[in-house]
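Student: Could you take me slowly through one part of this structure, the place where one helix packs against its neighbours, and then show me how that part sits within the rest of the chain?

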Amino acid sequence: MSGKTVNSAILLLIIGNAMAILSDVFIKLLEPGAPVFQFAFLRCLLTLFMLIPLAGKLNWNHLFEGFKVHAIRAHIHLAGMLCMVVALSNLPLATANAVFYAAPILVMVLAAVVFGERLTPLSVTAVFSGFLGIVLILRPVAFDWAAIAALGSAFTLAINAVMVRKLPKQQSTIHKLFLNYLLIMPAAGALAWWEGASWDSSMLVSASGSALFILGYNMTVLLAYQQVDANQVTSAEYTGLVWAVAIGWIWFGETPDLWFLAGSALIILPLLAIGLKNRRRHEAPARSYQPLEAKTSLS
């Protein structure tokens, strides 16, 4: 699977999104009351070590170019990761992931506000439909800290996706990921120290598995998008929600209800319509959403 054809790229994205959900599963398997800051620090540290073999992709002469934007994105990433852990620990796997898919909708709104991008009627429909979908999934009676954390995670995904435009264009994806995790380490380490939790060696398994599978996702997405136009295959990203429902049902006994199905449809279907419209026009996605950058901002 080289990703050089549309079909192989779609298959890579399907496999990659399954890996992303498996990364979430490792977070969900954390023991109740597990130290969140310690987990975030360990996962960032392990991810950084896993990126070291790819150091040849770094531009060492301009390693810290765009430092200010990288630093801001790194700390937003850390906040989003913490929100993600809280959401996945307390919400059904599919519910949390459905809310995470609000990110591309938020990207459209932020791109319009920050960069003055024009929202098409279909884009506006997607925004309102996505908001209604989130309300149906979470429902006010179930709106608690876990739901707020899931929304916070989606917001940080969107902010980081929009901020990609401010990064040096000549930097490779590996360079951006490496610098992101490198700049996260001081704050993550300080939070873990402040948390004061005793060392939990069992957390190494969860942190390692989560880091490994999300890097697997990164690699499949990198292969898929480097050879094929994003608008031809990006809709395959939404198979992640299918994986989340299937794994949540089989592994955790989480049966999706009609509220979840209706809300997910309101979030996903307008985004699919935008992707199909752009595919027919052979243009870049109107939602200005970069799947690789947006997803890996937190995961």
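**Helix α2 and its neighbours**

Tutor: In this predicted model, a good place to begin is the set of residues where two helices touch: from α2 come Val36, Phe37, Gln38, Phe41, Arg43, Cys44, Leu45, Thr47, Leu48 and Leu51, and they meet Leu177, Phe178, Tyr181, Leu182, Ile184, Met185, Ala188, Gly189, Leu191, Ala192, Trp194 and Glu195 of α8. Two packed helices are described by the angle between their axes and the distance between the axes. For α2 and α8, the axes come within 8 Å and cross at roughly 150°. Because an angle over 145 degrees counts as roughly antiparallel, α2 is roughly antiparallel to α8. The crossing in which α2 passes α8 is left-handed.

One aromatic pair belongs to this meeting of helices, and the structure holds five such pairs. The ring centres of Phe37 and Trp194 are 6.0 Å apart and their planes stand at 50°, so this pair is tilted. It joins distant parts of the chain, since Phe37 belongs to helix α2 (residues 36-51) and Trp194 to helix α8 (residues 173-195), with their positions 157 residues apart in the sequence. Trp194 has a relative accessible area of 62%, and because exposed means over 50%, Trp194 is exposed.

Now turn to the other neighbour, helix α3 (residues 67-90), whose axis comes within 10 Å of the axis of α2 and crosses it at roughly 120°. The two helices α2 and α3 are therefore oblique to each other, and α2 passes α3 in a right-handed crossing. Here Val36, Phe37, Phe39, Ala40, Arg43 and Cys44 of α2 meet Leu78, Met81, Leu82 and Val85 of α3. Phe37 is thus one of the residues of α2 that meet α3, and it is also among those that meet α8.

With that part in view, we can compare it with other places in the chain. A second aromatic pair is formed by Tyr101 and Tyr238, whose ring centres are 5.5 Å apart and whose planes are at 50°, so this pair is tilted as well. Distant parts of the chain are linked here too, with Tyr101 in the loop between α4 (93-100) and α5 (103-115), Tyr238 in the loop between α10 (230-233) and α11 (239-252), and 137 residues separating them. Tyr101 and Tyr238 are both buried. An aromatic ring can also have a charge over it, as at Phe252, where the charged end of Lys28 sits over the ring, 5.7 Å from its centre.

Another residue worth following is Val162, which lies in helix α7 (residues 145-163). Its relative accessibility is 11%, and because buried means under 20%, Val162 counts as buried. Apart from neighbours within four places in sequence, Val162 is in contact with Val107, Leu110, Ala111 and Phe115. Measuring from C-alpha to C-alpha, Val162 is 9.6 Å from Leu106 in space, while the two are 56 residues apart in sequence.

Finally, the chain as a whole gives these details their setting. There are 13 helices and zero strands, and 54% of its 299 residues count as buried. Among contacts in the chain with a separation of 6 or more, 89% are accounted for by residues 24 or more positions apart.

Key:
Residues numbered from 1 in each chain as written. Predicted model: local features only at pLDDT ≥ 70, side-chain atom pairs only at ≥ 80, totals over all residues. Heavy atoms only, no water. Phe/Tyr/Trp six-rings, centres within 6.5 Å; stacked < 30°, edge-to-face > 60°. Helix = DSSP H or I, 4+ residues; strand = E, 2+ residues; numbered from the N terminus. Buried < 20%, exposed > 50% of the residue type's maximum accessible area, 1.4 Å probe, protein only. Lys NZ or Arg CZ within 6 Å of the ring centre and 35° of its normal. Axes fitted to C-alpha atoms, helices over the stretch in contact; angles between N-to-C directions. Parallel < 35°, antiparallel > 145°, perpendicular 65-115°, else oblique. Left-handed = near helix turned anticlockwise from the far one by under 90°. Contact = heavy atoms within 4.5 Å.
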